[in-house]
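Colleague: I'd like to learn how to read sheets and pockets in a model like this. Where do we start?

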Amino acid sequence: MHMQEWRMTTIAECSTILGDGLHGTPKYDENGEYAFINGNNLHNGKIVIKPDTKRVGLSEYEKHKKELTDRTVLVSINGTLGNVAVYNGEKVILGKSACYFNVSTDCDVQFMRYVVSSPHFQQYINSVATGTTIKNVSLKQMREYSFPIPELKEQQRIANLLYLLDQKIENNQKINDSLYAQARALANQWVDENNSDYELLPLSDVAVINPDTYSPKADWEYVNYLDTSSMTDGYITDIQRITPSTEKLPSRARRIIASNDVVFSTVRPNQRHFGIISETLPNMLASTGFAVIRSKNSLVCNELIYLCLTDNAFIEKMQQLAEQSTSTFPSIKPSDLGACEIPCPKDDSSHNLTETLKAMFALIAANHRENASLAELRDSLLPKLMAGEIDVSDIQL
């Protein structure tokens with residue numbers, strides 16, 4: 001089917017219902033079964049329930065629940081615009097920034113997910129949004145968005161192509177999650193079984209914290225900038241390329257990163273903005289919201305440091321410390337990290353552990369690189385497929 005055979009339609013015409021969530025605040029229950037989600041809980045087609053996501057009980061859910069089904073697509077329309085997810089049975093109630101629409105049976109749900117993920121839609125909502133500090137898109141504007149659509153079989157072929165790429169990315173992430181878990185178990189086992197072969201030392205004794213600082217006088221032609229919000233649980237979602245001669249370089253872009261450095265956000269540790277930078281881009285800077293940690297002890301690899309600093313019990317301890325701070329936001333100081341004790345091998349008896357951890361993290365890094373390539377391919381195909389520029393009629397479902 002060629003583009004000229006596609007018809008123009010709107011989200012309203014492709015939906016049986018379109019609405020948003022609760023305008024206001026529900027009665028929270030920290031032990032509640034249902035998560036109160038907003039637009040920032042929608043990521044790459046999935047609903048992500050974060051550790052700090054508020055919860056509600058059954059009575060609040062019954063009061064504010066919406067008609068969410070396996071044909072529901074969600075889009076963030078307030079604050080952060082354009083995050084997308086497909087509902088998959090999660091126990092949630094929606095806040096006002098989470099718009100939802102239930103896809104009619106003559107349209108493919110995954111195709112509609114990619115419609116609202118497309119650059120054309122993203123440009124549309126950013127162009128019609130009102131508000132200065134907080135951007136907002138109305139439900140009327142959502143209903144009116146128009147786009148070309150092929151017949152159902154071709155919708156399914158297009159969605160299947162893009163979905164296969166997303167599934168491969170998701171599978172790689174699951175493999176990485178498993179590798180992280182195995183590496184953590186291996187390190188814990190070594191600590192438990194070799195207590196005479198290591199001593200607990202302050203992190204500042206075995207690593208340098210914030211070793212290199214960028215000065216604007218260095219006059220770099222360009223900067224690859226990593227903000228704290230762009231890395232969560234080891235996954236980087238965005239690196240900003242900034243040309244200081246024509247663009248304003250954020251004042252927080254000061255931490256110079258080297259390959260294999262550990263970065264750990266000192267603000268709200270429970271949001272888990274941390275990672276290990278396996279390979280840096282040229283001229284790479286991190287926000288001063290990160291503490292950058294680099295081993296200075298040949299017996300302590302950065303991978304072991306990373307596993308120690310990202311242990312759940314350690315994160316909880318840092319969050320409790322952060323909540324005692326007098327800063328605007330709950331935060332710790334780099335010196336707080338420096339005072340934390342980590343197991344430091346007394347000799348090279350830990351060589352096998354070090355080599356195994358390095359090999360596992362190398363596999364994780366390879367999967368990260370493949371995912372970046374797959375995402376780039378998906379993002380380049382998406383607008384062409386959604387505009388009918390690529391013929392998929394011969395693809396077998």
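Modeller: Start with one residue pair. This is a predicted model. Valine 75 stands opposite cysteine 99 in β10.

Colleague: In which sense do β7 and β10 pair, and over how many bridges?

Modeller: Antiparallel, over five bridges. β7 covers residues 72-78, and β10 covers residues 98-103.

Colleague: What is the strand order of the open sheet with antiparallel pairing?

Modeller: The order is β2-β10-β7-β8, four strands in an open sheet. β2 (15-19) and β8 (80-86) are the edge strands, each pairing on one side only. From one strand to the next, the twist averages 15°.

Colleague: Which helix packs on that sheet?

Modeller: Helix α3, residues 119-128. It touches β7 and β8, and its direction makes about 140° with that of β8.

Colleague: And the sheet with mixed pairing: what is its order?

Modeller: That open sheet runs β17-β14-β21-β18. Its edge strands are β17 (240-242) and β18 (253-256). Here the twist averages 45° from one strand to the next. Inside it, β14 (223-226) and β21 (284-287) pair in the parallel sense over three bridges. Tyrosine 225 stands opposite leucine 285 in β21.

Colleague: Now pockets. How does one find empty space?

Modeller: Roll a probe the size of a water molecule over the atoms; it shows where empty space is left. In this model, the second largest pocket has a volume of about 400 Å³. It is lined by 17 residues; closest to its centre are Cys308, Asp311, Glu341, Ile342 and Pro343.

Colleague: Which elements give two or more residues to that lining?

Modeller: α5 (152-193), α7 (302-309), α8 (312-322) and β23 (341-345). By class, the lining has 12 nonpolar residues, one polar and four charged.

Key: Residues numbered from 1 in each chain as written. Predicted model: local features only at pLDDT ≥ 70, side-chain atom pairs only at ≥ 80, totals over all residues. Heavy atoms only, no water. 1 Å grid on protein atoms, 1.4 Å probe; cavity = no way out; pocket = protein on both sides within 12 Å on 5 of 7 lines; lining within 4 Å. Points joined across faces, edges and corners; volume = space filled by probe spheres on them. Nonpolar A, V, L, I, M, F, W, Y, C, P; charged D, E, K, R; others polar. Pairing = 2+ DSSP bridges. Axes fitted to C-alpha atoms, helices over the stretch in contact; angles between N-to-C directions. Contact = heavy atoms within 4.5 Å.
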